[in-house]
Amino acid sequence: MVQYLLTGVTGGLGAHVLEYFRAHIEPSTYAVASSNPAKADEFTRQGLAFRVVNYDDPSTLDAAFQEVENLFFVSSNTFDNERRRGQHQEVVDAAKRAGVKHIWYTSLAFGGHTSTSQVAVQQAHYMTEEMLRVSGIPYTSIREGLYAEAFPLFFNWYPTTQTIVLPRPTTTTTPSPTDPAELAHTQRITFTSRHELGHATARLLLRGGAAYRDQIVVLSARETLSFQQIVDLINQHHSQGSKEVGVEFVPAAEYVARNAADDEGGKAAGFFEAMVSWHEGIAKGEAVVDGDGLMAEVLGREPTRASVRIEELLRGARGQGGYVWHQNYA
């Protein structure tokens with residue numbers, strides 16, 4: 001019997017969960033998984049049991065989930081909600097067939113504890129939480145705070161960017177401002193260090209499922225930054241010469257067309273079409289996350305403030321010649 005099976009260990013969050021396990025847990029008590037069989041040697045050389053978990057191949061799931069008590073189920077990274085729905089249903093069904101005792105699912109924190117967000121990517125997480133509820137398998141859905149490391153993704157920012165082009169929101173919780181400067185101050189996000197999220201998630205798993213059975217929890221830092229504050233950080237720590245980066249808000253169709261036309265990362269128009277939904281959610285305040293202190297309690301200290309983490313990333317980028325966030329590239 002394997003006490004924990006960790007999926008997604010080659011991804012950003014999963015790698016940090018594994019990092020914590022390796023530092024604190026006896027290797028014989030857990031196994032790791034990837035969709036790529038070629039990764040096996042990398043982990044077995046480290047003394048870790050390896051299993052193939054391919055969400056598009058149910059046969060790998062049936063084999064991998066045998067004799068697993070706790071399944072750490074990292075969400076698929078596709079932006080196609082219908083594909084994600086199918087993948088996640090296969091995971092839940094296979095876990096039930098294998099008799100998995102508890103599923104720990106990595107959800108997202110748009111909307112915080114509420115389940116009313118209309119952001120397209122959050123809808124996929126709501127669907128999965130419902131799958132888990134219906135399955136009857138004890139579960140915990142961990143709504144992970146929005147990654148500070150992903151701030152370039154939200155702005156489509158690169159070190160060469162001079163003007164950040166964003167979609168003008170059509171709905172907000174208050175009358176929508178029209179002045180660009182005011183818009184930049186009213187759009188706000190609670191960003192959280194991905195490294196700390198990985199460690200907090202690992203600590204949560206190791207506490208055991210009894211305290212969090214059939215619950216939705218939120219792990220998030222507490223500092224919320226406006227778009228303007230983030231742009232100010234870019235200009236303070238990564239400005240290009242004397243010209244500062246500015247922000248322009250345009251209609252959604254124009255936002256998609258302009259960003260897709262010459263995106264440095266090679267992302268297609270469909271990516272930016274999906275991002276419009278994210279920005280509508282931000283305008284409604286859904287990216288302002290009340291972490292309710294759980295992350296601080298699990299870590300035993302306050303999480304790193306978003307402004308501090310973004311400063312670290314920007315300073316590091318200057319030394320490396322540019323900041324690269326993998327989801328900002330096709």
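**View 1. In this predicted model, the lining of the largest pocket is made up of 15 nonpolar, 20 polar and five charged residues.** The pocket holds about 1,000 Å³ of space, and among its 40 lining residues Val74, Ser75, Ser76, Asn77 and Gln327 lie nearest its centre. Several helices and strands each supply at least two residues of this lining, namely the helices α1 (12-24), α4 (81-98), α5 (120-135) and α6 (151-155) together with the strands β2 (30-34), β5 (102-108) and β7. Because domain 1 (2-144 + 193-219) and domain 2 (148-190 + 223-290 + 297-328) both give residues to the lining, the largest pocket lies between these two domains.

**View 2. The second largest pocket has a volume of about 250 Å³.** It is lined by 14 residues, of which Asn156, Thr161, Thr163, Asn259 and Asp262 are the closest to its centre. Two elements, the strand β8 (163-167) and the helix α10 (252-261), give two or more residues each to this lining, and the largest share, three residues, comes from β8. Sorted by class, the residues around the second largest pocket comprise four nonpolar, six polar and four charged ones.

**View 3. One cavity of 30 Å³ or more is found when the whole structure is searched.** The volume of this largest cavity is about 40 Å³, and the residues that line it are Leu166, Pro167, Arg168, Pro169, Gln187, Phe227, Phe249, His279 and Glu280. Strand β8 and helix α11 (269-283) are the elements that give two or more residues to the lining of the cavity. Of the residues in this lining, five are nonpolar, two are polar and two are charged. Strand β8 thus appears in two of these views, since β8 gives residues to the lining of the second largest pocket and also to that of the largest cavity.

**View 4. Three strands, in the order β7-β9-β11, form an open sheet with mixed pairing.** The edges of the sheet are β7 (146-147) and β11 (224-226), each of which pairs on one side only. Strands β7 and β9 (residues 188-192) run parallel and are joined by two bridges; where β7 meets β9, Leu146 has Phe191 as its bridge partner. Strand β7 also belongs to the picture in the first view, as one of the elements that supply at least two residues to the lining of the largest pocket.

**View 5. Arg143, a residue of strand β6 (residues 139-144), is shown with two backbone oxygen atoms that its side chain approaches.** With a relative accessibility of 0%, Arg143 counts as buried. The side chain of Arg143 reaches the backbone oxygen of Gly112 at 2.8 Å, while a polar atom of that side chain lies 2.6 Å from the backbone oxygen of Thr114.

**View 6. Ser35 sits in the loop that runs between strand β2 and helix α2 (40-44).** Its relative accessible area is 45%, so Ser35 is classed as partly exposed. Although Ser35 and Val52 are 17 residues apart along the chain, a distance of 5.5 Å separates their C-alpha atoms. Strand β2, at one end of this loop, is also among the elements that supply at least two residues to the lining of the largest pocket.

Notes: Residues are numbered from 1 along each chain as its sequence is written. This is a predicted model: local features need pLDDT of at least 70, side-chain atom pairs count only at pLDDT 80 or more; totals for chains, interfaces and linings use all residues. Side-chain values use heavy atoms; hydrogens and water are left out. Two strands pair if DSSP finds at least two bridges between them. Helices (H or I, at least four residues) and strands (E, at least two) are DSSP runs, numbered from the N terminus. Buried means under 20% relative accessible area, exposed over 50%, partly exposed in between (1.4 Å probe, protein chains only). A polar contact is a pair of N or O atoms within 3.5 Å; within protein, one must be able to donate a hydrogen and the other to accept it, and residues adjacent in sequence count only if both atoms are side-chain atoms. On a 1 Å grid over the protein atoms alone, a cavity is a set of points where a 1.4 Å probe fits but cannot get out, and a pocket is an open set with protein on both sides within 12 Å along at least five of seven lines; lining residues have an atom within 4 Å of a point. Grid points are joined across faces, edges and corners, and a volume is the space filled by probe spheres set on the points. Ala, Val, Leu, Ile, Met, Phe, Trp, Tyr, Cys and Pro count as nonpolar, Asp, Glu, Lys and Arg as charged, and the others, Gly among them, as polar. Domain bounds come from an automatic or database domain assignment.
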